[in-house]
Amino acid sequence: MTLVLVHGVPETAAVWDPLRAALSRQDVRALRMPGFGCPRPDGFSATKEEYVAWLAGELEAMAGDEIDLVGHDWGGGLVVRLVSTRPDLVRTWATDAAGLGHPAFEWHDLARLWQTPGVGEEFFEQLLATPLEERAKGFEGFGVPFEHALEIAAGVDQVMAGSILALYRSAVRVGEEWSPGFADVPAPGLVIVPEGDAFLVRSVAEESAARAGATVAELPGLGHWWLLQDPASGAARLEEFWESAR
């Protein structure tokens, strides 16, 4: 059995380190999305469907293993699509981005900025020209402890910026495109709903969970980066879910 973790934006696999330390299991593999702390393969244009195909390939390479799949932010969005199309690849799944599989999903303001040609490029040009500690303060504003905020901010580079822009621009109508498949998922699922997640609409997440047949795990007092704010609480909810799926 293997726990596979998929990070989000603008992150690297290191974002999972505190949660991994809080888990009782050791069979953990944190994937690195192409372009996020690592190069993008030749010909990989960083669209949402390419990332889903990449994730499916990673799981297929673990053939014969029982996989518990967990995704955060865009990694959670990839989980939504993966279990919609290839539920056979996982034993269980968990996501904090179930809204991407809802027909009424709407992007937040920052995403719409990144989806705008020229404006998105200017955003990252200015960001990368900003001193590291100032960049980190932006993540602190979302409840990320400063040491982890520094790590996230330091990981953003030109390759990641280009990957983010391409990913978001491929996903303008993601709810419309992905929602039909995200229903009655046969593998047991968990939809994580942090109470203070500024990028999440609770009703949309809960309705998505109901459509998919998943359980909802509320995280009171935590925000978008719950896995950094209180990794012990997140680990406890996940382990409770995995135990129930045995």
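## Strand pairing and the sheet

Two strands are said to pair when DSSP finds at least two bridges between them. By this criterion β3 and β4 pair, in the parallel sense and over four bridges. The structure described here is a predicted model. In the β3–β4 pairing, V70 has A94 of β4 as its bridge partner. On the β5 side, strand β4 (residues 92–95) pairs with strand β5 (residues 189–194), again in the parallel sense, over three bridges. T95 stands opposite V191 of β5.

These pairings belong to an open sheet of six strands, with parallel pairing and the order β2-β1-β3-β4-β5-β6. The edges of the sheet are formed by β2 (28–31) and β6 (215–219), each of which pairs on one side only. On average, and with direction ignored, neighbouring strands of this sheet are turned by 20 degrees against each other.

The residues of β4 alternate in direction: T92 and A94 point one way, W93 and T95 point the other way, and all of them are buried.

## Helices packed on the sheet

Helix α3 (residues 74–85) lies across β1 (2–6), β3 (67–71) and β4, and runs at about 140 degrees to β4. Helix α12 (residues 231–244) also packs on the sheet, where it touches β1, β3, β4, β5 and β6. The direction of α12 makes about 160 degrees with that of β5.

Helix α3 has a further packing partner in helix α2 (residues 48–60); the axes of α2 and α3 are 9 Å apart and meet at an angle of about 75 degrees. The two helices are therefore roughly perpendicular. Contacts between them involve K48, E49, Y51, V52, W54, L55, A56 and L59 on the α2 side, and W74, L78, V79, R81 and L82 on the α3 side.

## Two buried positions in the helices

V80 is found in helix α3 and has a relative accessible area of 0%, so it counts as buried. Leaving aside neighbours within four places in sequence, V80 is in contact with T95, A97, A98, G101 and F182. One of these contacts, T95, is the residue that stands opposite V191 in β5. V80 and V193 are 113 residues apart in sequence, and their C-alpha atoms are 14 Å apart in space.

L238 has its place in helix α12. Its relative accessibility is 1%, and L238 is therefore buried. With neighbours within four places in sequence left aside, L238 is in contact with L19, V70, A94, L190, I192 and W226. Among these contacts are V70 and A94, which are bridge partners in the pairing of β3 with β4. The C-alpha atoms of L238 and D68 are separated by 10.0 Å, although the two residues are 170 residues apart along the chain.

## Nonpolar cores

In soluble globular proteins, nonpolar side chains tend to be buried together. In this model the largest nonpolar core has 54 residues, and L59, L69, W74 and W93 are those with the most contacts inside it. Another core, of 30 residues, lies apart from it; its members include L5, V70, A149 and F241.

L59 is also one of the α2 residues that meet α3. Not counting residues up to four places away in sequence, L59 touches V4, I67, L69, L82, L89 and V90.

## Loop geometry

Several loop residues have notable backbone values. A cis peptide bond joins V9 and P10, with omega at about -5 degrees. P10 lies in the loop between β1 and α1 (17–22).

A46 and D184 each have a positive phi without being glycine, with values near 65 degrees for A46 and of about 50 degrees for D184. A46 is found in the loop between β2 and α2, whereas D184 is found in the loop between α9 (174–178) and β5. Their accessibilities contrast: A46 is buried, because its relative accessible area is 0%, while D184, at 66% relative accessibility, counts as exposed.

## Annotated span

The UniProt record, an unreviewed entry, carries the annotation "domain: AB hydrolase-1" for residues 3–232. In the model this span is 43% helix and 12% strand, and its end C-alpha atoms lie 16 Å apart.

Methods. Residues are numbered from 1 along each chain as its sequence is written. This is a predicted model: local features need pLDDT of at least 70, side-chain atom pairs count only at pLDDT 80 or more; totals for chains, interfaces and linings use all residues. Side-chain values use heavy atoms; hydrogens and water are left out. UniProt positions are given in the numbering used here, feature names are shortened, and annotations may be inferred rather than shown by experiment. A nonpolar core is a set of buried Ala, Val, Leu, Ile, Met, Phe, Trp, Tyr and Cys residues joined through side-chain atoms within 4.5 Å. Buried means under 20% relative accessible area, exposed over 50%, partly exposed in between (1.4 Å probe, protein chains only). Contact means heavy atoms within 4.5 Å. Axes are lines fitted to C-alpha atoms, for helices over the stretch in contact, and angles run from 0 to 180 degrees between N-to-C directions. Angles under 35 degrees count as roughly parallel, over 145 as roughly antiparallel, 65 to 115 as roughly perpendicular and the rest as oblique.
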